[in-house]
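Q: I have a protein model in front of me and would like to learn how to read its empty spaces, its helices and its backbone. Could we go through it step by step?

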Amino acid sequence: MAKPTTEVIALPEFPVTIVRELDGNFIHDDISLKELIEHKKKGLILYFYPKDDTPGCTTQATDFTANINAFDALGYDIIGVSRDSVESHKKFLDKYDLQIPLISDSDEKLCQYFDVIKEKNMYGKMTMGLVRSAFVFDKEGTLTHAQRNLRAAGYTERLLTELAPAS
């Protein structure tokens, strides 16, 4: 799960391309995450995943979609980020009826900003790849929780537990 963090990462001010479905149409907007959080006045869960329509990434995206109301009740929006194209994101959103927006970071600018491109061992071959990670920002844009190299299965439920107020 995302753990309270001592990392200091500000929301970037450069524009990113957010793809989402709205009233049966796919739209994409270029907006900075800093502006987005200021406009919505909600916290933000920004999660990075390696590739659209792969088993772990699909599990994570569908789990976030299934729990979107619970995160909304806690005051958080959720946005997924990968290096896939806008077209790939549209197909992924449509195929699984995903209710969360996705950022197309094909130039890796956002991935580099959050330092999630790392050397990985893929079937005995070393390659550079995106490490599954999540960052939680409060409504003021302050990073409160972070986790790098996380497991997709069960992550959403663990994060909900971590973010829920103590009873």
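The dialogue below takes up the pockets, the cavity, a pair of helices and a few single residues.

Q: What should I know before I start reading?

A: This is a predicted model, in which local features need pLDDT of at least 70 and side-chain atom pairs count only at pLDDT 80 or more, while totals for chains, interfaces and linings use all residues. Residues are numbered from 1 along each chain as its sequence is written, and side-chain values use heavy atoms, with hydrogens and water left out.

Q: How is empty space found, and what volume does the largest pocket have?

A: Rolling a probe the size of a water molecule over the atoms shows where empty space is left. On a 1 Å grid over the protein atoms alone, a cavity is a set of points where a 1.4 Å probe fits but cannot get out, whereas a pocket is an open set with protein on both sides within 12 Å along at least five of seven lines; lining residues have an atom within 4 Å of a point. Grid points are joined across faces, edges and corners, and a volume is the space filled by probe spheres set on the points. Here the largest pocket has a volume of about 490 Å³, and among its 22 lining residues Arg20, Lys40, Asp77, Gln99 and Pro101 are the closest to its centre.

Q: Which elements each supply at least two residues of that lining, and how do its residues divide by class?

A: Helices (H or I, at least four residues) and strands (E, at least two) are DSSP runs, numbered from the N terminus. At least two residues each come from strand E2 (15-22), strand E3 (25-32), helix H1 (33-40), helix H3 (68-73) and strand E5 (76-82). For the classes, Ala, Val, Leu, Ile, Met, Phe, Trp, Tyr, Cys and Pro count as nonpolar, Asp, Glu, Lys and Arg as charged, and the others, Gly among them, as polar. The lining of the largest pocket then divides into 12 nonpolar, three polar and seven charged residues.

Q: What does the second largest pocket look like, in volume and lining?

A: The second largest pocket has a volume of about 210 Å³ and is lined by 13 residues, with Pro50, Lys51, Lys120, Met122 and Leu130 nearest its centre. Helix H2, strand E7 (117-122) and strand E8 (125-130) each supply at least two of the lining residues, and E8 has the largest share, with four. By class, this lining holds five nonpolar, four polar and four charged residues.

Q: How many cavities of 30 Å³ or more does the structure hold, and which residues line the largest cavity?

A: There is one cavity of 30 Å³ or more, with about 40 Å³ of space in it, and its lining consists of Leu36, Ile37, Lys40, Lys42, Gly43, Leu44 and Asp77. H1 and strand E4 (43-48) are the elements that give two or more residues to this lining, and H1 gives the most, with three. The lining has three nonpolar, one polar and three charged residues.

Q: How do I describe the way in which H2 and H6 cross?

A: Axes are lines fitted to C-alpha atoms, for helices over the stretch in contact, and angles run from 0 to 180 degrees between N-to-C directions. The axes of H2 (residues 55-66) and H6 (residues 155-163) come within 8 Å and cross at roughly 45°. Angles under 35 degrees count as roughly parallel, over 145 as roughly antiparallel, 65 to 115 as roughly perpendicular and the rest as oblique, and H2 and H6 are therefore oblique to each other. Taking contact to mean heavy atoms within 4.5 Å, Gln60, Asp63 and Phe64 in H2 meet Tyr155, Thr156, Glu157 and Leu159 in H6.

Q: Is Gln60 buried or exposed?

A: Buried means under 20% relative accessible area, exposed over 50%, and partly exposed in between (1.4 Å probe, protein chains only). Gln60 counts as buried, at 0% relative accessibility. Leaving aside neighbours within four places in sequence, Gln60 is in contact with Tyr47, Tyr49, Arg132, Leu150, Ala152, Tyr155 and Thr156.

Q: What does a positive phi tell me to look for, and where is Lys41?

A: Most residues other than glycine have a negative phi. Lys41, in the loop between H1 and E4, has a positive phi near 55° and is exposed, with a relative accessible area of 61%. Asn149, in the loop between strand E10 (143-148) and H6, likewise has a positive phi, of about 60°, and is exposed at 62%.
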